[in-house]
Structure formats: structure tokens, C-alpha cells
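Student: Before we talk about this model, could you show it to me, so that I can ask how each label is justified?

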Number of protein chains: 2
Amino acid sequence: MRIDSFDHAILDALQRDGSMTNAALAEVVNLSASQCSRRRTALEDAGLIEGYSARLSATKLGFGLRAITRVNLRSHGQEDDFSQFIQAHPQVRSAFSVAGDADYVLDIRVRDLEAFADFIHKKLLPHPQVAHVRSEIVLQTLKDRKGLDLMA
Amino acid sequence: MRIDSFDHAILDALQRDGSMTNAALAEVVNLSASQCSRRRTALEDAGLIEGYSARLSATKLGFGLRAITRVNLRSHGQEDDFSQFIQAHPQVRSAFSVAGDADYVLDIRVRDLEAFADFIHKKLLPHPQVAHVRSEIVLQTLKDRKGLDLMA
DNA sequence: CTATCTATGCGCATTTTGTGCATCCTGTGG
DNA sequence: CCACAGGATGCACAAAATGCGCATAGATAG
């Protein structure tokens, strides 16, 4: 599929506000509403738009603590086990296997410090595969772009 | 605002699929469509729903490389300057000031390794405030929950 | 038990969507 | 230079979705 500057603008606009009406989209990108509709479904069908989500307020819902945690595993054969652990625990919002000092980086979201300590000491550290854990607790979010900057 | 189990279910559903119709929502949460509409706008007005976004395919758009980078600053008086730097660079998707080994953690998204090296060596390291940078390059995303797990 | 106040469902007017169709570009071959 | 094919675009309209008024059900307090 070919993406021109119109599609580009549509992607950018919808990323910022996914509830935009085709008419509103039309104003922004200078096309008719119908054409925006067509292009939009094309972008969806092509998989460039994976879907739409409501952004929820983490703080208002009581998820006050966020931490970036690096994990090193003991052996390097049974990662499946650790992966299952991650999937099973909703406190782990995102998880990446990485190249660097650590083996994994986890994005953890919990209610408060107590819940965090609980998770680290009673769940993560006791896991047989886990060798070493280092955390950075988020004090302030300076930037949190949901989605991609298409200009980058 | 009081949030009951209906709101809970609505938030959860909309987080997964923000383009759900009120009728579809109604089926999931066992309410009428009109009531879903009312509750939805209430949740939006209360700020529990911050907005809606289209999720774009990072890979299909050519953002192949992701890295989690920890940054230490030299002094601790002029953070404003570094914050401006972060805001100005779209390669930095998210940025957090943290308590831990590092002062900041950045979530970086770029096209490829070359763009990454470029950013680190030509942009980040030359910044006068930056003392030390350590990166973990993401090999695989094991989990990437957009949004919150309301059960956690 | 009753009065009150909120939550809910139904119906309908308004808005939004998306498709058919005619027109308009764009580039290609004569 | 012109004719033509293919796609992109806008307009119009039918189908769908939204959201508000209104009457009722359910909960709560006295």
C-alpha cells in the first residue's frame, strides 16, 4: 500500500484523537469526509492502524506508582517460564527482552509503594529464574507520547 | 464521581477497543445503548477517559528500533534545559525522571540502529547536562499492554 | 410506608458513516 | 499534441449510530 501525505496527516490526527469524525478529519487534511472515510478504512485494512483505544487516567484510577525494572535471569534456557510469569501478572504493563546490562526491562504499574514492594519481594524475586533486579521509580513523567511521531 | 462495576466494564472494554459502538458496549456490559452513552460521556467528563487514540503499527511505519536509555545528569540545578531537549526530540517517545541509579529513563523509538547511534552520539551525549548514558536495546516485546489492567 | 432522588430503558430527532456514481486529475502510448 | 486508461475525489443519499426527552423502576432516607 502506498501512503501519501494525506494518509500521513490522517494517521497523525487519528493518533491524537481517535474519536475524530470524518468531517473533522476532512477539515484537518483538506479532503472530503467520504474520502477520509475511504482512506481510513484502507489504513485499517492495511494494518497501519491496528485499532483504537480509550486512554484512561492512571492516577484517577489509582495507579500512582510506576517503575522501570531491569531483570537478569540465572540461566538462559528456560525463558518461557519467565515469559509466562510476566503474562500472568497485570502489574507488569509492558515487558521487553533486551540487549544490554539487563536481560529484561519491565514497565510496572501499581497502586502504591507497598504494592510495589509486595510485587518485587513476594513475586518477582522469589521466581526461580530471576537472578538480579534493579528498579528506577518514576518520579515525574516529562513526556509520554502515546503512539508515534511520524515526523521522526 | 462514583465508579461501579458497569463503569469498570465500560472502561475495560473501551480501552481494548475505543471504536466500539454504544450498542456493542451495551451487549458486553448488559445495559442499554443509551445508558452506555450516558455513562461514557460521564467518564469522559470526569477525566477517567482522557481521550481516544488510534494505535499505529510501529513496524509497518518503519520504526524498527526501540531502546530504553538511562541518563545521568552532571549537575542538578538546570533540569529545565534537559527537559526542553527531550520535548524537542521526537525520537524520545516517553521520558521519566526517576529515583534509582539513573536520573532519567527515556523510551526511544527510531528507524534503525544507525538512527539510534546518530541520536545517542550526535544529540544526547553532546548535551552539556548529560554525564552518562546507558542503553538497553529492545530485542523482543513480550508484553505491551496499552492502558491499564483494571483488575490489578 | 412514603417521599425523594437517581438510574434505566424506550423512542425519536439529529448526526455520522459509507457506498454508488459522475467527474477530474495523472501519466502513458500513440 | 492528443486520446485514453486507471485511480482519486467530491457529492448525494441510504443506513447506522448517537444522545436527549420522558416515563418508569429501584434505591435511600426519614
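Tutor: What follows is a conversation about a predicted model, with each label set against its cut-off.

Student: What makes B:Gln35 a polar contact partner of DNA strand C?

Tutor: A polar side-chain atom of B:Gln35 lies 2.6 Å from a phosphate oxygen of DNA strand C. A polar contact is a pair of N or O atoms within 3.5 Å, so the pair qualifies. On chain A, an N or O atom in the side chain of A:Ser37 is 3.1 Å from a phosphate oxygen of DNA strand C, and this pair therefore also meets the limit of 3.5 Å.

Student: Which part of DNA strand C does the side chain of B:Ser34 approach?

Tutor: A polar side-chain atom of B:Ser34 lies 3.1 Å from a base nitrogen of DNA strand C. The elements that contribute two or more residues to the surface near this strand are α3 (33-45) of chain A and α3 (33-45) of chain B.

Student: How do you know which residues count as near DNA strand C, and what classes do they fall into?

Tutor: A residue is near the strand if one of its heavy atoms lies within 4 Å of it. There are 13 residues around DNA strand C, and A:Asn22, B:Ser32, B:Gln35, B:Arg38 and B:Arg39 come nearest. By class, the residues of this surface divide into two nonpolar, seven polar and four charged. Of the atoms of DNA strand C within 4 Å of the protein, 59% belong to sugar or phosphate, and the rest belong to bases.

Student: What are the corresponding values for DNA strand D?

Tutor: Around DNA strand D there are 13 residues, of which A:Ser32, A:Ser34, A:Gln35, A:Arg39 and B:Asn22 come nearest. The surface near DNA strand D has two nonpolar, seven polar and four charged residues, and 60% of the strand's atoms within 4 Å of the protein belong to sugar or phosphate.

Student: Why is the approach of A:Ser32 to DNA strand D called a polar contact?

Tutor: A polar backbone atom of A:Ser32 is 2.8 Å from a phosphate oxygen of DNA strand D, which is within 3.5 Å, and the pair therefore counts. A backbone N or O atom of B:Asn22 lies 2.9 Å from a phosphate oxygen of that strand, while for B:Thr21 an N or O atom of the side chain is 3.0 Å from a phosphate oxygen.

Student: Why are β2 and β5 of chain B said to pair?

Tutor: Two strands pair if at least two bridges are found between them, and β2 (residues 65-73) and β5 (residues 130-144) of chain B have seven, in the antiparallel sense, so they pair. Within this region, B:Leu73 stands opposite B:Val130 in β5(B).

Student: Which strands make up the closed barrel?

Tutor: The closed barrel has eight strands, in the order β2(A)-β4(A)-β3(A)-β5(B)-β2(B)-β4(B)-β3(B)-β5(A), and the pairing is antiparallel. Neighbouring strands of this sheet are turned by 35° against each other on average, direction ignored.

Student: How is chain A divided into domains?

Tutor: Chain A is divided into domain 1 (5-45) and domain 2 (65-137), whose C-alpha centres lie 39 Å apart. Separately, an unreviewed UniProt entry lists residues 3-64 of chain A as "domain: HTH asnC-type".

Notes
Residues are numbered from 1 along each chain as its sequence is written. Chains are lettered from A and ligands numbered from 1 in the order in which they are written. This is a predicted model: local features need pLDDT of at least 70, side-chain atom pairs count only at pLDDT 80 or more; totals for chains, interfaces and linings use all residues. Side-chain values use heavy atoms; hydrogens and water are left out. A polar contact is a pair of N or O atoms within 3.5 Å; within protein, one must be able to donate a hydrogen and the other to accept it, and residues adjacent in sequence count only if both atoms are side-chain atoms. Helices (H or I, at least four residues) and strands (E, at least two) are DSSP runs, numbered from the N terminus. Ala, Val, Leu, Ile, Met, Phe, Trp, Tyr, Cys and Pro count as nonpolar, Asp, Glu, Lys and Arg as charged, and the others, Gly among them, as polar. Domain bounds come from an automatic or database domain assignment. UniProt positions are given in the numbering used here, feature names are shortened, and annotations may be inferred rather than shown by experiment. Axes are lines fitted to C-alpha atoms, for helices over the stretch in contact, and angles run from 0 to 180 degrees between N-to-C directions.
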